[in-house]
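Ready for a walk through a protein, one selection at a time? Open your viewer, keep the selection tool at hand, and follow along.

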Amino acid sequence: MIQESVHRTGRRTEKKVRTARDIKVPPLLNEGPEVVGMMTVVIGNGGSLDVAVRNVADSGPALSAEMFRRVVDRADTRIEADMKSSLTKELSQLRDGAAAYSMAIHMVMSAAEAREAGERERTLRDASEIALSGLREAGKAYSSSLNAPCMAVFGVGIMMPMILMSILPMLSISGIFGSQSIGMGQLAVITLVLIPAIVVAVMASIREKNPFMPSGKTGNNYGYLLPLASAAPVYLALAVAGAGPVTAGCIGCAAGGAILFISVYPGYKRETARRRRAGALEDAVFEMGNRLIAGEGFEDALTGSIGAREECGPVAEALRRELSICRGDVRSAITAAIAPTSPTVADTVCGIYDAGLKDLRDAGRLALSVGRQLKDQETVRRGIRSDLRGMMDTMFSTAAVFAPLVLGLSTSMLTPLTAISGDGGFSGTTAVLMVYLAELCVMIAALVSFLEGNARTENVARRIGMMLPVSMLVFLISTNFGF
């Protein structure tokens, strides 16, 4: 779709407007289960497709919200006859790989037209299964595609510097490779610029293909990395005390990494606790459905199911307090108490509350259906994370232990070889490799975060803080082995 715009100069230019065809398929498949869940809360409650689409457009995940806003705009401006025809047209423009997403939304549309509650519930369950199947296949495809790029990172990032260090002295022995030999300047450019550039390019391709990376803005705060600057004063203090540049640099980087880890670890613990509570709240939604069907009132079923879980104690207490002072505005009480831990569960419970105003047993069946969907999503995502765990652990251990050990031993062997060649122009090799290893820790920390689907700065900073001290200490020890 092309839209014309006129600049102040009077010249017409063409501006391309983003359409469904431009949306990347893997991230869209990642959003599918959440979108189906949001629409299930509305349609399972007897709501209309119009309300469900507007709900996703207002508060859905980034790519789907953008797409559904176009659907709403076309329906409201009467470009399309109604919301169903507008949504159908938008889905028809998706790429071929998004068939699971499209089929799941079409099933939701069918459920909105079902006359019987049982038929509607079965159709919504089928839609959830289709969306989860698409996500599962996307995860498997992504996992199977990682071998080549990760081996490229390993080969270029580890083996190339090691081989370069091994053959460096040979370049000067009897002119075996000609009269021209590589110098320290060239070595530094290759090691500190060229190799990292190749690794970063491979990492960018890995991040681009990851279906689990958030599509919207992540709100990164690069201030989390500021504690790394503490490496500079530690280095200066050791240098003044008489330590060599490599020793001072390794200890300084190790100290900076340790301080970085200490600074971000409390936030990591809080986020881990929040995720654990969010998982328990999803379990509580399913239990609340059983309680509602058994005849309990909505507030008793909600507070009882949440309070029964030890992790959710603070949430249950906040919920009771909010319900006691809300003056009948139960939705605002639910949002205030639950949304800080899990906005998804808060929206779900609000939808169940709306259903309970009509019939508590219908609300209970809706809670069972949505609770099952939430747990199925978590099961699928946990399985995909398990498939990627081996690759993440390999990359992590490579940067923290294997790379500094191999490169440190390579520089140890370089000393007698340079003595044989009679070339002392490589005395700065160890310092170059030390800087490179620090770069490698940063790159692998970002890579592992990309694989995990969480590229927020605090997550990358925590991994840097874990790897950098270990890497520097291993390198410092291995460079002091005598050969």
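Here is a tour in short stops, each with something to select.

**Stop 1: the whole chain**

Start with everything shown as a cartoon, and bear in mind that this is a predicted model. The protein has 17 helices and two strands. Its length is 483 residues, and 46% of them count as buried. How are the contacts spread along the sequence? Taking those between residues at least 6 apart in sequence, 69% join residues at least 24 apart.

**Stop 2: helices H2 and H3, around Val 53**

Select residues 49-59, which form helix H2, and find Val 53 within that helix. Is Val 53 buried or exposed? With a relative accessibility of 0%, below the 20% cut-off, Val 53 counts as buried. Now show what touches Val 53: beyond its neighbours within four places in sequence, there are contacts with Met 39, Phe 68, Val 71, Val 72, Met 83 and Leu 87. You can also draw a distance from the C-alpha atom of Val 53 to that of Arg 69, 16 residues apart along the chain; the separation is 8.4 Å.

**Stop 3: a loop with a positive phi**

Move on to the loop between helix H3 (62-76) and helix H4 (83-92), where Arg 78 sits. Most residues other than glycine have a negative phi. Arg 78, which is not a glycine, has a positive phi near 60°. Its relative accessibility is 63%, so Arg 78 counts as exposed.

**Stop 4: the H4 and H5 pair**

Select H4 together with helix H5, residues 99-112. Their axes are 10 Å apart and the helices pack at an angle of about 165°. Angles over 145 degrees count as roughly antiparallel, so that is how H4 and H5 run relative to each other. The crossing of the two is left-handed. Show the side chains that make the contact: Lys 84, Leu 87, Thr 88 and Leu 91 from H4, and Tyr 101, Ser 102, Ile 105, His 106 and Met 109 from H5.

Pause on Ser 102 in H5. Ser 102 counts as buried, at 14% relative accessibility. Setting aside its neighbours within four places in sequence, Ser 102 is in contact with Leu 91 and Leu 94.

**Stop 5: the largest nonpolar core**

Next, which residues have the most contacts inside the largest nonpolar core? Select Leu 146, Ile 206, Leu 440, Ile 444, Leu 447, Leu 451 and Phe 475; the core they belong to has 59 residues. Two or more residues of this core come from each of helix H6 (117-144), helix H7 (147-167), helix H8 (184-209), helix H10 (245-293), helix H15 (360-421), helix H16 (429-452) and helix H17 (457-478). H16 gives the largest share, 15 residues. Apart from this core lies another, of 37 residues, including Ile 23, Leu 29, Ala 98 and Ile 105.

Zoom in on Leu 440 and leave out its neighbours within four places in sequence: Leu 440 is in contact with Gly 157, Ile 158, Ala 399 and Ala 403.

**Stop 6: Lys 140 and Thr 457**

Find Lys 140 in helix H6. Lys 140 is partly exposed, with a relative accessible area of 46%. Add Ile 384, which is 244 residues away along the chain: the C-alpha atoms of Lys 140 and Ile 384 are separated by 7.2 Å.

Then go to Thr 457 in helix H17. At 5% relative accessibility, Thr 457 counts as buried. Beyond its neighbours within four places in sequence, Thr 457 is in contact with Asn 220, Asn 221, Tyr 222, Tyr 224 and Leu 225.

**Stop 7: helix H13 and the loop before it**

Select the loop between helix H12 (313-325) and helix H13 (330-338), and pick out Arg 327. Arg 327 is not a glycine, yet its phi is positive, at about 55°. Its relative accessibility is 85%, so Arg 327 counts as exposed.

Finish in H13, where Val 330, Ala 333, Ile 334, Ala 337 and Ile 338 are buried. Where do these residues lie around the helix axis? They cover an arc of only 100°, which puts them on the same side of H13. To see what covers the buried residues of H13, show H10, helix H11 (298-307), H12 and helix H14 (343-356), which are among the elements there.

Methods
Residues numbered from 1 in each chain as written. Predicted model: local features only at pLDDT ≥ 70, side-chain atom pairs only at ≥ 80, totals over all residues. Heavy atoms only, no water. Core = buried A, V, L, I, M, F, W, Y, C linked by side-chain atoms within 4.5 Å. Buried < 20%, exposed > 50% of the residue type's maximum accessible area, 1.4 Å probe, protein only. Helix = DSSP H or I, 4+ residues; strand = E, 2+ residues; numbered from the N terminus. Contact = heavy atoms within 4.5 Å. Arc of directions from axis to C-beta. Axes fitted to C-alpha atoms, helices over the stretch in contact; angles between N-to-C directions. Parallel < 35°, antiparallel > 145°, perpendicular 65-115°, else oblique. Left-handed = near helix turned anticlockwise from the far one by under 90°.
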